[in-house]
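Colleague: Hi! Could you walk me through this one? I'm new to reading structures.

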Amino acid sequence: MADPRGFLKVRQRETQPRRPVPVRIMDWKEVYEAQEKGVLKAQAGRCMDCGVPFCHQGCPLGNLIPEWNDLTWRDKGEEAIERLHATNNFPEWTGRLCPAPCEASCVLGINQPAVTIKQVEVSIIDEAFENGWVNPLPPTRLTGKTVAVVGSGPAGLAVAQQLTRVGHTVAVYERDDKIGGLLRYGIPDFKMEKEQVDRRVEQMKAEGTRFRTGVAVGTDVTWEQLRRRYDAVVVATGATVPRDLPIPGRDFEGVHFAMDYLVPANRVVAGETVENQIHAKGKHVVILGGGDTGADCLGTAHRHGAASVTTLAIGKQPPADRAGHQPWPTFPTLFEMASAHEEGGERTYLASTVEFVGENGKLTGVKVAETEFVDGKRLPKAGTDRIIPADLVFLSLGFTGAEPAGITEQVSAEFDGRGNVTRDGYYMTNTEGIFVAGDAGRGQSLIVWAIAEGRACAAAVDNFLMGSTILPAPVAPTDRAITVL
Ligand SMILES: Cc1cc2nc3c(=O)[nH]c(=O)nc-3n(C[C@H](O)[C@H](O)[C@H](O)COP(=O)(O)OP(=O)(O)OC[C@H]3O[C@@H](n4cnc5c(N)ncnc54)[C@H](O)[C@@H]3O)c2cc1C
Ligand code: SF4
């Protein structure tokens, strides 16, 4: 174990410093600065190497957290990355973007601040890239089997990397011009710069994975054609259908889905020219919804030079500490201070949006009322209406599921009542040989779940193709675990 008295000597939790707000909102670079090595080691040394490490369970990937905390404390970076890669294909993504459910279940967290697990994770992989310890791992032999993976987000890429490494010939189909899914054009650079995606794609190409961009499966090529051409097909198309708010004034110019704002903004940061880009410079912006998407709109609007930004959430402000019904080691709902929230803007809770108001077809404001709870329903309280001036509204109210994309008509794969592609306990849809992983099957979720599902789905596909598999399967979509032979 790391320092046996580490958690007694170092009682304070120290995370990565962030660049000063006035400096960082002038650019699109990541908001973080590297953590000083000595501080990082001392923090890793707080890990108690518990007999029952609940953090393993908290992490959907089952990351071997105490092992790499120990190796970090001992300055054995090359061994640490080997242990980290054993369970996680892309720790530079989770280390930057994961909400770290592992830390919520850290045993030290019972009576002290939790170990900075996510911080240690990102430092291990960043050091590994710097030192050239991340190399392609091509297969030693080919199986002669072929797999098409549709969608190049974290789920699709995890499936593809696992299956390529065991010798299958894998092609990733992506309708966008670049690989990465939401990591590429959804999540802004100030949370993760795109170099982090590019270098993994290079690694995967060197391992033998093939990439076909600019191909929308369902229209450019049918699912049925793909199924005939390949031995197996994996649907990893994400959950991209946005939830709308069909209230009066929805059609006013200035009311947009969040992704219609974020995607072009990310393209411009990548150096592209975008016609008619929605831009927040000098505008009063209202964001409906307080999740990751809302926070990304907030950080983007500040970098665009918005006059004001207000985030409205219909529910109550979450507590700063665990509520009684969410005891350790569960992942609690807490008041979150993302980097974008540090940069300014107003956050209003218990705000029900009643109407968009405007003139001559253009948005001028948002009518909101206080939320009241009646028979468990959230309703606008009569007589509490007020108007917030707004030139732009971004709807970041979540996503209702995967796009149909012709999959039911072309290969009879079905959707469930929640808008997700149906699958069995082995990630297979109701059409033999067609699998589903990530948000397309579980609904809009997290990167760590997408990678975990991608790894497990790869094990299921390998088992389907070969009759057995050596690939690990961290999670099952239902309570039926995958048999690893
Ligand atoms: C704005 C935003 C911010 C987020 N921030 C975070 C965060 O900070 N931390 C976190 O853990 N999670 C975050 N998430 C959630 C996370 O990004 C997703 O859970 C994750 O990307 C899901 O991965 P996926 O591979 O299943 O799908 P996606 O990443 O959505 O990728 C699906 C890919 O499939 C492609 N595709 C779709 N249909 C077709 C088709 N017919 N043919 C070919 N290609 C197709 C799409 O173009 C896309 O590239 C965020 C989500 C959003 C929207
Ligand atoms: S992937 Fe997320 S949950 Fe797992 S160890 Fe990293 S930060 Fe924790």
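Colleague: Thanks! Which domains is the chain divided into?
Modeller: The chain splits into domain 1 (6-130), domain 2 (146-240 + 400-466) and domain 3 (244-397); these bounds come from an automatic or database domain assignment.

Colleague: Any ground rules before we go on?
Modeller: This is a predicted model, where local features need pLDDT of at least 70 and side-chain atom pairs count only at pLDDT 80 or more, while totals for chains, interfaces and linings use all residues. Residues are numbered from 1 along each chain as its sequence is written, chains are lettered from A and ligands numbered from 1 in the order in which they are written, and side-chain values use heavy atoms, with hydrogens and water left out.

Colleague: Got it. How far apart are the C-alpha centres of domain 1 and domain 3?
Modeller: They lie 31 Å apart. In terms of contact (heavy atoms within 4.5 Å), 16 residues of domain 1 meet 16 residues of domain 3.

Colleague: And what area is buried between domain 1 and domain 3?
Modeller: About 1,400 Å², with carbon and sulfur atoms giving 66% of that. Buried area here is the accessible area (1.4 Å probe) that two parts lose on being put together, summed over both.

Colleague: Which three residues supply the most on the domain 1 side?
Modeller: Ile-25, Trp-28 and Ala-104 do: they supply 43% of the area that domain 1 buries against domain 3, more than any other three residues.

Colleague: How many salt bridges are there between domain 1 and domain 3?
Modeller: Three. A salt bridge is a side-chain nitrogen of Lys or Arg within 4 Å of a carboxyl oxygen of Asp or Glu. Elsewhere in our list, the side chains of Glu-342 and Arg-24 form a salt bridge at 2.7 Å, N to O.

Colleague: Which helices help build the side of domain 1 that touches domain 3?
Modeller: Helix H2 (21-24) and H8 each supply at least two residues to that side. Helices (H or I, at least four residues) and strands (E, at least two) are DSSP runs, numbered from the N terminus. By class, that side of domain 1 has 12 nonpolar residues, one polar and three charged. Ala, Val, Leu, Ile, Met, Phe, Trp, Tyr, Cys and Pro count as nonpolar, Asp, Glu, Lys and Arg as charged, and the others, Gly among them, as polar.

Colleague: Let's switch to the ligands. Which residues come nearest to ligand 1?
Modeller: Of the 36 residues around ligand 1, the nearest are Leu-97, Glu-174, Lys-191, Val-217 and Asp-439. A residue belongs around a ligand if one of its heavy atoms lies within 4 Å of it.

Colleague: What does Leu-97 do there, in terms of atoms?
Modeller: A polar backbone atom of Leu-97 is 2.8 Å from a nitrogen atom of ligand 1. For Glu-174, a polar side-chain atom lies 2.6 Å from an oxygen atom of ligand 1. Ile-447 has a polar backbone atom 3.0 Å from an oxygen atom of ligand 1.

Colleague: And which residues surround ligand 2?
Modeller: Among them are Cys-59, Asn-63, Cys-98, Ala-100, Cys-102, Lys-118 and Glu-121. Helix H8 (101-104) and helix H9 (117-130) are the elements that give two or more residues to this shell, and H9 gives the most, with three. The shell has eight nonpolar, two polar and two charged residues.

Colleague: What is the phi of Ala-100?
Modeller: Phi of Ala-100 is near 60 degrees, a positive value in a residue other than glycine. Ala-100 sits in the loop between helix H7 (91-97) and H8.

Colleague: Why point that out?
Modeller: Because most residues other than glycine have a negative phi, and most peptide bonds are trans.

Colleague: Then where is a cis peptide bond?
Modeller: A cis bond joins Trp-328 and Pro-329, with omega about 5 degrees. Pro-329 lies in the loop between strand S8 (308-312) and helix H16 (339-342).

Notes
A polar contact is a pair of N or O atoms within 3.5 Å; within protein, one must be able to donate a hydrogen and the other to accept it, and residues adjacent in sequence count only if both atoms are side-chain atoms.
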